[in-house]
Amino acid sequence: MNFIDVNDVVKQYDGHLALDHVDLHVPQGCIYGLLGPNGAGKTSLIRIINRITRADSGTVMINGKPLEDKDITNIGYLPEERGLYKKIKVADEIVYLARLKGMPKKIALSEMEKWLERFELTEWKGRKVEELSKGMQQKVQFITTVIHRPQLLIFDEPFSGFDPVNAEQLKREIMQLRDEGSTILFSTHNMASVEEICEQITLINHSRVVLEGRVDEVKQRYKKNLFVVNVADGAVVQAQESLFEVVPDALQQGTVIKLCKGVTLRDTIAWLNEHYTLTGITEQLPSMNEIFIETVQNK
Amino acid sequence: MTLVGKKSFIVMTLLIPVLILLVGCVPVLLAYVNNSADTSVTRIAVIDETGRYAGALKNNTNYRFVPLSGQNVKNPHDFYKAAGESLDAVIVIPADVENSQQVSLYSEKTMGQNILSYVTRCLNDTLRNAKIAAMGDPELLSKMEQAQVETQVKSIKWDEKGDEQEQSAGLASVIGMVLAFLTYTFVLSYGAMIMNSVVEEKTNRIVEVIVSSCRPMELMMGKIIGVGLVGLTQFAIWVVLLSIGSAILGLVGGASMVANPEAVTAGMNLPGEAGAAGAISEINTAIASINWLSLLGNFVVYFIGGYLLYASLFAGFGSAVDQASDSSQFTMPIILVMVIALYAGIACIENPNGPMAEWCSIIPFTSPVVMMVRLPFDVPWWQLLLSIVLLYATALGCIWLSARIYRTGILLYGKKRSFKEVLKWVR
């Protein structure tokens, strides 16, 4: 069952079409990547799901029902441009924003303690936000996004500004939130993180959906019959005109070959075994990065 | 939520009444300190060459006059030296004082204005009476006193039934002006506070988080109402602190006035005890003649209306800028209108029922200030009603307009916007 259903949404700003009949279907309990270059319309779409703005036409359904104002207490939103009140104490900030989402004060306080401990921020809770390092502020922002246990979490570039160690921790937390039942909409142009955590994606370019589906499925769709071949004794695989050509790729441990049209993998392996001592062959699927660039540049 | 906890805010709230009280009682305090701090008695020898006027110089708590017969002293300086520490100054009343009207005060220290004016006061009456007596008409003095004229205009107001009520135009003007200033400063300072808060949330980028939790309209109205209530609370604290403070000061001042009336009245250059008491009773009747309930009620109504009107404009246009430093292009026109309102108010004191006063107290942008000036002078009820209805209608209009600007403005960053562009967002 889908948690979010965006159907045929159109949004126009001052003569500029920000969303052109966009559909988005996010299954319950999924980490869903919303991808697209800058200015494609991701933030416009997120703001509509957040009820910060309204669609000119089209519908947004949450959990099978049309989106209403009260649903926003069930959404946690981490905007790309992070922002906190700088002059107040960490604890006050977290509790204030939690209560704004309708959380009772008592529960907000106890939940806050849990989260601060998880992020090793407990000793900072009495300090003003502006005294914290940027990384710590990001963690506080993350806590304010998830503290009210929303069913839907929207993260806009969550990893920007985190060092690798903290990014790893954040990734674990996001995965855990998913395991606990939250649905996560994840907007980014960091394709490496998409490969790591997203199950499904929608790619928006020039206000339109240009690609959508499961990550593995999309990769299959975009695969180019590339394989990495490893042979024994340091031999060099040469191109074989009827079967495959060699694609230069310095980054791979082995030789990258591209099968010719109509050639099966079986035939190729047979041929390779005949001429070399084949120690391994793996299919090379395109990275999300390649798919992204190819899709965006083609259309 | 960020405002009330700030130290600067708390300090301001507590300090302002203290400052006002200080400013208010500085003259009294100064006079008091001036006269009482100097507890040592100044001893002055009086060399009276006429032999008639030494008695006019009466001793009091500060000054002791020691009359000497004129013939004994040839040189005041030698006498002064000989007396040593026991003498502070020497007054010489020359033989021809009635014509020259001049006496001399000798001393090594510079003597203050207080002693000079005290001596002048003491001698003036005596010398004048002596002069009158010298004219040979024994009844002249009493005739002159009878002929003294001090005209007073009593302003009496009729109410609808024709009953008479004394009023004080002076006091009414002062009250009107104070209320107008209050409205002006409150609306401007709290309006600016709202604008800063809007811009701050926008520069912080927290606004996007907040509007994902509540509607922009709610955020804006919450801000306006919140800051307004903070202002009213602050205002109430001021009123309470001020009345407590002035009551305490009144007690202290009153006690010292009883103990040492001369010092206080002399220091303040008041006409004298009788005059002061008269003025106070006059103020009392004037205060009693004003309908405080309707005055304060109307004040609050205009205050809230004016605040809503301007605060919403500040919030709306504040949302159009990225940094506080860019806001002046939008605040300038708003402040200009406020300043015009204040000047109109000041001008209306001269003629609180004239055409300018009437117009400006009905136009919603100036009425919260100008009507304050008119309120103590009984405004016709239809004008009051019209003005209030117009004010609140305009305030609602401004809130609507600002809300539409606000909801677009808070999410737009980047280039500086012109007035025209901002007004486009209304559509």
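What does chain B average in pLDDT, and what share of the residues score at least 70? I looked this up before anything else: chain B averages 79, and 82% of its residues score at least 70. (pLDDT is the predictor's confidence in each residue, from 0 to 100.)

**Ground rules.** I'm working with a predicted model, where local features need pLDDT of at least 70, side-chain atom pairs count only at pLDDT 80 or more, and totals for chains, interfaces and linings use all residues. Residues are numbered from 1 along each chain as its sequence is written, chains are lettered from A and ligands numbered from 1 in the order in which they are written, and side-chain values use heavy atoms, with hydrogens and water left out.

**Confidence.** The model scores ipTM 0.77 and pTM 0.70. Within chain B, I found the highest confidence in helix α15 (residues 381–409), at a mean of 92, and the lowest in helix α9 (residues 261–268), at 48. (Helices are DSSP runs of H or I, at least four residues, and strands are runs of E, at least two, numbered from the N terminus.) Residues 263–274 of chain B have pLDDT below 50, and this stretch has 14 contacts in the model beyond near neighbours in sequence. (Contact means heavy atoms within 4.5 Å.)

**Helix pair in chain A.** Next I checked α2 (residues 90–100) against α3 (residues 105–118): they pack at about 125 degrees, with axes 9 Å apart. (Axes are lines fitted to C-alpha atoms, for helices over the stretch in contact, and angles run from 0 to 180 degrees between N-to-C directions.) That angle makes α2(A) oblique to α3(A). (Under 35 degrees is roughly parallel, over 145 roughly antiparallel, 65 to 115 roughly perpendicular, and the rest oblique.) From α2(A), the contact residues include A:I94 and A:V95, and from α3(A) they include A:L109 and A:M112.

**Helix pair in chain B.** Here α12 (residues 328–348) and α14 (residues 367–374) pack at about 15 degrees, with axes 8 Å apart. So I noted α12(B) as roughly parallel to α14(B). Among the residues that meet are B:M338 and B:L342 in α12(B) and B:V370 and B:V373 in α14(B).

**Salt bridges.** I got 26 over all chains. (A salt bridge is a side-chain nitrogen of Lys or Arg within 4 Å of a carboxyl oxygen of Asp or Glu.) One I looked up is A:R51 with A:D69, whose closest N and O atoms are 2.7 Å apart. A:R51 is in the loop between α1 and β4 of chain A and A:D69 in the loop between β5 and β6, so the pair ties together parts 18 residues apart in sequence.
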